[in-house]
Amino acid sequence: RQSLIIDCDPGVDDAIGLLLAFASPELDLKAIMTVGGNVPVARTSRNARIIRQIAEREDVPVFAGAGVPLRREPAGAGEFHGAEGLGWLEVFEPDAPLADGHEADALTRIVMDEPEGSVALALMGPMTNLALAMKAEPRLAARMGPVVAMGGARSEGGNITPSAEFNIWADPDAAAEVFASGCEMIVMGLDATHQVRATEARIVALEASGDARAATAARLLRFSQAIERDIVGWDAAPLHDPCTVAWLLRPELFRLAPCRIAVETESELTRGHTAVEFRVDGETARHHWATWADGQGVFDLLAARLGGGE
Ligand code: BDR
Ligand code: CA
């Protein structure tokens, strides 16, 4: 089984990523970490616990992480996730509390205690937590398994500014440090996640399942569908964060290209842009940029897992 930590800011699509991971027996889910991003960290921490409760996975601890970016004012993407962060899902105070202790300490302890290279990290929000943990424990980058991150904009352009994607833009300084750290990174930028769209037929397939987890995912997607039509004018909303978990489960659903990624931190205009250099030695490259995703394959996986199937 693949050991995994998820770092997230739920967030409608984070919530679906969590549901997919919770429903996947080949993942040994060590912990969920939260970060301020789409909504403030108190809400992302509550939301992660709501999703955990719906999935009946209270065996997995949830740790609250950083509330603010390293050097910027906290932003927010409430317009795409609703004020509470979970769209049209009804929020409630979950039964099980947060785990004690700080997220960065827990992340470091888990990675350092397990065999080298064995703990993967799915990053679904701004990279603040990982940057802080790496600063506190410089051996972390070499010790981590693959970091599978949702973030970055290249040929598709950005979604928060013309040149940047939200997760990287929200804390560009943290992202710059993580990309420069030397850890192995699989990067699901908008080039790939925009190919994974919640079409009407795919939402209906989830609604038809009868399973509470599939129904939850469908309700979240109905909100994204409405917002995407309203704000962006797209008929089908992209499903970003679950691509990280889907890659760990079914890497053949994606195509990756070896590269070296650097993040713009100086300019306001291009803040958080990911500069992707493909002229690298494929054997030694530490970064891998997703250039293609099988959207139907990702949704089939989601429907099967959340519907209680294969
Ligand atoms: C990313 O930004 C957030 O709003 C989503 O949850 C996703 O992680 C997409 O750009
Ligand atoms: Ca997210």
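Here a trainee and a mentor talk through the ligand sites and two backbone features of a predicted model.

Trainee: What makes a residue count as part of the surroundings of ligand 1?

Mentor: A heavy atom of the residue has to lie within 4 Å of the molecule. Residues including Asp13, Asn38, Met150, Glu165 and His240 surround ligand 1.

Trainee: How do you know that histidine 81 makes a polar contact with ligand 1?

Mentor: The cut-off is 3.5 Å between N or O atoms. A polar side-chain atom of histidine 81 lies 2.9 Å from an oxygen atom of the ligand, so the pair qualifies. Asparagine 159 has such an atom at 2.8 Å from a ligand oxygen, and aspartate 241 has one at 2.7 Å. The protein covers 95% of the 280 Å² of accessible area that ligand 1 has on its own.

Trainee: Which pocket does ligand 1 take up, and which elements help to build the shell?

Mentor: The space it takes is the largest pocket. Two elements, α1 (12–22) and α7 (166–170), each give two or more residues to the shell around ligand 1.

Trainee: How do the shell residues divide by character?

Mentor: Three are nonpolar, five polar and four charged. Histidine and asparagine fall under polar here, because the charged class holds Asp, Glu, Lys and Arg.

Trainee: Why are the atoms around the calcium ion called donors?

Mentor: For Ca, an N, O or S atom must lie within 3.2 Å of the metal. The calcium ion (ligand 2) is coordinated at 2.2 to 2.6 Å by Asp9 (OD), Asp14 (OD), Asp14 (OD), Met124 (O) and Asp241 (OD), so these atoms meet the cut-off. Along the chain the spacing reads D-x4-D-x109-M-x116-D. Methionine 124, in the loop between β4 (119–123) and α5 (128–136), and aspartate 241, in the loop between β8 (237–238) and α12 (242–249), are 117 residues apart, and the pair links distant parts of the chain.

Trainee: What makes the peptide bond from proline 10 to glycine 11 cis?

Mentor: Its omega is near 0°. Glycine 11 sits in the loop between β1 (2–8) and α1. Most peptide bonds are trans.

Trainee: And what makes glutamate 56 worth a look?

Mentor: Its phi is near 55°, a positive value in a residue other than glycine. Most residues other than glycine have a negative phi. You will find glutamate 56 in the loop between α2 (41–54) and β3 (62–64).

How values were computed
Residues numbered from 1 in each chain as written. Chains lettered and ligands numbered in written order. Predicted model: local features only at pLDDT ≥ 70, side-chain atom pairs only at ≥ 80, totals over all residues. Heavy atoms only, no water. Polar contact = N/O pair within 3.5 Å; in protein donor to acceptor, adjacent residues only side chain to side chain. Areas by Shrake-Rupley, 256 points an atom, 1.4 Å probe, with all protein chains shown as cover. 1 Å grid on protein atoms, 1.4 Å probe; cavity = no way out; pocket = protein on both sides within 12 Å on 5 of 7 lines; lining within 4 Å. Sits in = over half its atoms within 2 Å of the grid points. Helix = DSSP H or I, 4+ residues; strand = E, 2+ residues; numbered from the N terminus. Donors = N, O, S within 2.8 Å, 3.2 Å for Na, K, Ca; no water.
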